[in-house]
Amino acid sequence: MRTIEWCDGIVITIDQTKLPLETITLKITTVDEMAEAIKSLRIRGAPLLGAAAAFGLALTAYHSKANCTSELLAELEDAAKTLKSTRPTAVNLFWAADRILNKARDYSGDIERLKALVIKEAQRIADEDAEANRAIGKNGAELINDGDVILTHCNAGELATVEYGTALGVIRAAWEQGKKIKVIATETRPLLQGARLTAYELKRDGIPVTLITDNMVGYVMHKRLVNKVIVGADRIVQDAVVNKIGTFTVAVLAKEHGVPFYVAASKSTFDLAHTSTDVIIEERKPEEVTHLGAQQVAAHGVGVLNPAFDITPLNYVSAIICESRVYYEKDFAKFKGKILP
Ligand code: MRU
């Protein structure tokens, strides 16, 4: 299933804030609507944010009333600025917007062809993500054995990507190969992507899944109820993996218990020009912590810290599963060379 689709000037996707209780289709026609959908997490997950940014620019091109290519280019630059101001951490969004902008900047033909080029490039970005995830699944499934119980955090599934998922792509591929595996999904406070999305996706597909709260990870590791961890990533820099808040805690516990900790991500998630100190960690509003849904649970006016992501140094990572290959600890030193080896 495609999570996001281009249909003649309309981007069709699902409102992920309503899942799993309601499946509401969103029809997005402007870059401002796209920016709102990203900010509010109706559209979320690093690879999907890349496709969403690309389609945001495609919408700008499709509906543009510009009279010449330089006018259209200025509109695209503005739209890219709007999209880039939504969420700072997942690099895929910036990567996709820049990929399209660079193509448009280099173009020297008529305006209708420029519009077509932007739309085509956005569709290509979406198609490539779908293909990459299948390849990640195939590469990663080799690390999975019959009988494994795999813990995953947040949602790195179909819903976080254009199709198939990264971490859940590996789980899906192993399952499709007939391996009898089970999954433990953390609920992922504060916004519950694990409870709402991962548990839903896996249950829907018939893959055995058990939901736990985030603070049960130590218990399940200590009791040997899990023997592998696979998570996705929002940005992989020279020295670390940046992913949903709570990932680092899981990684530390995995290392302590000798449980392999795998990260599954496509090349569009790598940002090897930077290190972890350069990454802006998104801070979200206090109500996400003080409330459970609409219900306030913390005292009025209490101070809140709400970072959406954390940083896991590479020495906690056993392997990174990519579409072209699996990178192991011995390969990580090469990341400092700024180009993916
Ligand atoms: O805030 P979100 O829901 O966009 O965060 C998503 C995650 O952290 C995922 O684990 C990550 O994007 C990998 S998705 C393949």
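A residue counts as near the ligand here if one of its heavy atoms lies within 4 Å of it. Keep that cut-off in hand as you explore this predicted model.

**Stop 1: the ligand shell.** Select the ligand and expand your selection to its 18 surrounding residues; Arg-44, Arg-87, Asp-234, Asn-243 and Lys-244 come nearest. Colour this shell by class and you will find 7 nonpolar, 7 polar and 4 charged residues.

**Stop 2: the polar contacts.** Now show distances from the ligand's oxygen atoms. One pair joins a ligand oxygen to an N or O atom in the side chain of Asn-243, at 2.8 Å. For Lys-244, a side-chain N or O atom is likewise 2.8 Å from a ligand oxygen. At Gly-45, look to the backbone: a polar atom there is 3.0 Å from an oxygen of the ligand. Switch on a surface next: the protein covers 100% of the 410 Å² of accessible area that the ligand has on its own.

**Stop 3: the largest cavity.** Where does the ligand sit? It occupies the largest cavity, which has a volume of about 220 Å³. Helix H2 (46-63) and strand E9 (240-244) each give two or more residues to the ligand shell. Both also supply at least two residues of the cavity lining, with H2 giving the most, 3 residues. The lining has 27 residues, and those nearest the cavity centre are Arg-44, Gly-45, Ala-46, Asn-155 and Asp-234.

**Stop 4: the second largest cavity.** Finally, move to a space of about 60 Å³. Select Pro-190, Leu-191, Lys-244, Arg-284 and Ala-308, the closest to its centre among 13 lining residues. That lining divides into 5 nonpolar, 3 polar and 5 charged residues.

Note on methods
Residues are numbered from 1 along each chain as its sequence is written. This is a predicted model: local features need pLDDT of at least 70, side-chain atom pairs count only at pLDDT 80 or more; totals for chains, interfaces and linings use all residues. Side-chain values use heavy atoms; hydrogens and water are left out. A polar contact is a pair of N or O atoms within 3.5 Å; within protein, one must be able to donate a hydrogen and the other to accept it, and residues adjacent in sequence count only if both atoms are side-chain atoms. Accessible areas come from the Shrake-Rupley method with a 1.4 Å probe; for residues, only the protein chains shown count as cover. On a 1 Å grid over the protein atoms alone, a cavity is a set of points where a 1.4 Å probe fits but cannot get out, and a pocket is an open set with protein on both sides within 12 Å along at least five of seven lines; lining residues have an atom within 4 Å of a point. A molecule sits in a cavity or pocket if more than half of its atoms lie within 2 Å of its grid points. Helices (H or I, at least four residues) and strands (E, at least two) are DSSP runs, numbered from the N terminus. Ala, Val, Leu, Ile, Met, Phe, Trp, Tyr, Cys and Pro count as nonpolar, Asp, Glu, Lys and Arg as charged, and the others, Gly among them, as polar. Grid points are joined across faces, edges and corners, and a volume is the space filled by probe spheres set on the points.
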